[in-house]
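Subject: Structure for your files

Hello,

Here is the structure you were waiting for. My notes on pockets and cysteines follow below it.

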Amino acid sequence: MTEQERQALAEKLAALREEALAHTEQALAYMARFGVRPEGRIQPFLPPEARQQHIDRLPYEHAVRQVVVYETEPGEFSAVCPFSGLPDYGVLRIEYVPGSWILELKSLKYYIVSWRNIGAAQEDLTAIIYQDLMRHLEDPEYLRVITVYNVRGGIRTTCTIDSREQGR
């Protein structure tokens, strides 16, 4: 690695560190507005905007209607809880009937993994993922995104967004 490449990498890392610190401070300020105090260790985490923004897609050129389901194995989908700084693990289920497009799996996997260092509430993650997928699929007959998070504090959280219930 050349000195110029090292310098560019160092600048990139410094910018990422600053972004993570700023987002963490924003999340703590947001929680404080509602009287929520973080528990555990606070660690910097990235904002949702740092996730992979693009998912490759392939044309769906068939007249037949089929339901496509992608579901992660437990432990493959995670993000960071902005209240505790701990990882939130869950199962992500994506279900849709293609319109013009299908999602390319390798690209979808990279997208899912890109959430690992993102600090956001479980409900927010589900909504953002739904919006991202809808943007890439453009015109599915329907799209349903479900996240089922591991039990925390004796409570299992399941979030579901279904385009058929959104008044599209």
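The largest pocket holds about 290 Å³ of space. Please keep in mind that this is a predicted model, and that the values here are computed from it.

**Pocket**

The lining of the largest pocket is made up of 15 residues. Those nearest the centre are Ala27, Tyr30, Pro82, Ala121 and Asp124. By type, the lining has 11 nonpolar residues, 3 polar and 1 charged.

Two helices, H1 (3-33) and H3 (122-137), each give at least two residues to this lining. The largest share is that of H1, with 5 residues.

**Cysteines**

A disulfide is a covalent bond between the sulfur atoms of two cysteines. How many disulfides does a search of the whole structure find? The count is 0.

Why is Cys81 not bonded to another cysteine? The closest cysteine sulfur to that of Cys81 belongs to Cys159 and is 13 Å away, which is too far for a bond. To count as a disulfide, the two sulfur atoms would have to be within 2.5 Å. Seen from the other side, the sulfur of Cys159 has that of Cys81 as its closest cysteine sulfur, again at 13 Å and too far for a bond.

Are these two cysteines buried or exposed? Cys81 is buried, at a relative accessible area of 10%. Cys159 is buried as well, at 11%. The cut-off for buried is under 20% relative accessible area.

Regards

Methods
Residues numbered from 1 in each chain as written. Predicted model: local features only at pLDDT ≥ 70, side-chain atom pairs only at ≥ 80, totals over all residues. Heavy atoms only, no water. Buried < 20%, exposed > 50% of the residue type's maximum accessible area, 1.4 Å probe, protein only. 1 Å grid on protein atoms, 1.4 Å probe; cavity = no way out; pocket = protein on both sides within 12 Å on 5 of 7 lines; lining within 4 Å. Points joined across faces, edges and corners; volume = space filled by probe spheres on them. Helix = DSSP H or I, 4+ residues; strand = E, 2+ residues; numbered from the N terminus. Nonpolar A, V, L, I, M, F, W, Y, C, P; charged D, E, K, R; others polar.
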